[in-house]
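Got the viewer open? Let's take a short walk through this structure, one selection at a time.

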Amino acid sequence: MDSVWTKTAAAPSFEPLNGDIKTDVLIIGGGIAGLLCAHFMAEKNIDYVLTEAKTICSGITKNTTAKITAQHGLIYHSLIKKYGVHKAGLYLQANLRALEKYRELCSKINCDFEAKDAFVYSTDDKSKIDRELEALKMLNFKAQFEDSLPLPFPIKGALRFKDQAQFDPLKFAYGIAKPLRIFEHTKVRHLLPQKATTDHGSISAKKIIIATHFPILNKHGGYFIKLHQHRSYVLALKNAQDIDGMYVDESESGLSFRSYKDMLLLGGGSHRTGKQGGSFNELEQFAKQHYPNAAIAARWATQDCMTLDGIPYIGQYSKSTPDLYAATGFNKWGMTSAMAAADILSDMVQGKQNICASVFDPSRSVFHPQLLINAKETTISLITPTAPRCPHMGCALKYNKAEHSWDCPCHGSRFTKDGRLIDNPSTDDKRM
């Protein structure tokens, strides 16, 4: 199950680390967040190294639907209610800055960058759209109300964010990666203060950024309770509807749409990793009903780290680790969140203030309803008497029939049928 992006771009290759080296900043993780951090370090003449356990963009980045937008569902009403107008405005500002930075960088890279309007819609409750529109007015952002969309079902209402964007994420990522100092096939085995050890050498660093999708260090930060992961699925359809724009349902269980060349990318079937959900079957049934002449050109699934309050964790890893940083919990909006992370962290490692950093502070309050849900799932899984266990924290694995994998409902690690690791936070193969 490969995404359409893996068929369109030629990946550069990098040698593994061999020996001991020193640097000012070590970046662990070669997805788009890590690559953008490295790009900003190089741009600001900061001495850095990036390590990737496999090859760059071999994890979550290759499976994104690649929407670049500050429209993150119906988030702004929620943010104002929880944190006030000022912090909600900073969140919006960080993502608008990220969009503009992509616009600038993509002008120099052949990555199928296209300006597109972004829409969030509701199929059952217009009042949700009205509340979000009022929230955006409070933030001095002009969004438009729409009462119909070019989708094969009626809606109660939608919001349009004009002049957002979409692109080919691998063409972009490979383009910025080529001049960077990267070591592939260099898995960090042990992480100490200001030092990381790998199979064939060590890296001493004044500052360390962990950009591994789900943080790999359990000792600090409490990420194992502050994060959970969601699976979602995509079909690339030929001979389907030609839509102009990017569309997402405000409901977590809803569908998303965007076009890529002559294909419609239909997304949905979402569920917590390790639980049952609609998966590919839901999308296939929708396509059969609404696009009966369409052919499936590709299918793939992705995984997203979800935070307690809908805001990523970007900044100091924990209060007790001043030289360690995190970039995680992008809540299905990885493109702008990765760029915002790179912007914030490239300032933080230099000791500079970033106006938006406080919104994303990983040490902010954990008292949210999702915390109890995460704790309950972990407790149930830990006491479940099944044989296959996740080596991350010992949770019972569940078999995923749709993808033929063993998945962890606690923190989202995934393994092949024969136990080989697919996705973190686990760093080892499963225990039988």
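At what angle do helix H1 (residues 32-43) and helix H8 (residues 334-348) pack, and how far apart are their axes? Keep in mind that this is a predicted model. Select both helices: H1 and H8 pack at an angle of about 35°, and their axes lie 8 Å apart. Turn the view until one helix sits over the other, and you have a right-handed crossing of H1 and H8.

Now show the side chains. On the H1 side, pick Ile32, Ala33, Leu36, Cys37, Phe40 and Met41; they meet H8 residues including Met335, Ala338, Met339 and Leu345. Sorted by type, the residues of this H1-H8 contact come to 11 nonpolar, 1 polar and 1 charged.

Next stop: the cysteines. Select Cys395 and Cys410, which are joined by a disulfide with an S to S distance of 2.2 Å. Cys395 sits in the loop between helix H9 (369-383) and strand E18 (398-400), while Cys410 is in the loop between strand E19 (405-407) and strand E20 (414-416). Look along the S-S bond: at -100°, the link is left-handed. Both Cys395 and Cys410 are buried.

Go back to Cys37, which is in no disulfide. The nearest cysteine sulfur belongs to Cys57, 13 Å away. Cys37 is buried, with a relative accessible area of 0%.

Last, click on Cys305. Why is there no bond from its sulfur to the one in Cys408? Because the two sulfurs are 12 Å apart, too far for a bond, even though Cys408 holds the closest cysteine sulfur. Cys305 counts as buried too, at 2% relative accessibility.

Conventions:
Residues are numbered from 1 along each chain as its sequence is written. This is a predicted model: local features need pLDDT of at least 70, side-chain atom pairs count only at pLDDT 80 or more; totals for chains, interfaces and linings use all residues. Side-chain values use heavy atoms; hydrogens and water are left out. A disulfide is a pair of cysteine sulfur atoms within 2.5 Å. Helices (H or I, at least four residues) and strands (E, at least two) are DSSP runs, numbered from the N terminus. Buried means under 20% relative accessible area, exposed over 50%, partly exposed in between (1.4 Å probe, protein chains only). Axes are lines fitted to C-alpha atoms, for helices over the stretch in contact, and angles run from 0 to 180 degrees between N-to-C directions. A crossing is left-handed if the near helix is turned anticlockwise from the far one by less than a right angle, and right-handed if clockwise. Contact means heavy atoms within 4.5 Å. Ala, Val, Leu, Ile, Met, Phe, Trp, Tyr, Cys and Pro count as nonpolar, Asp, Glu, Lys and Arg as charged, and the others, Gly among them, as polar.
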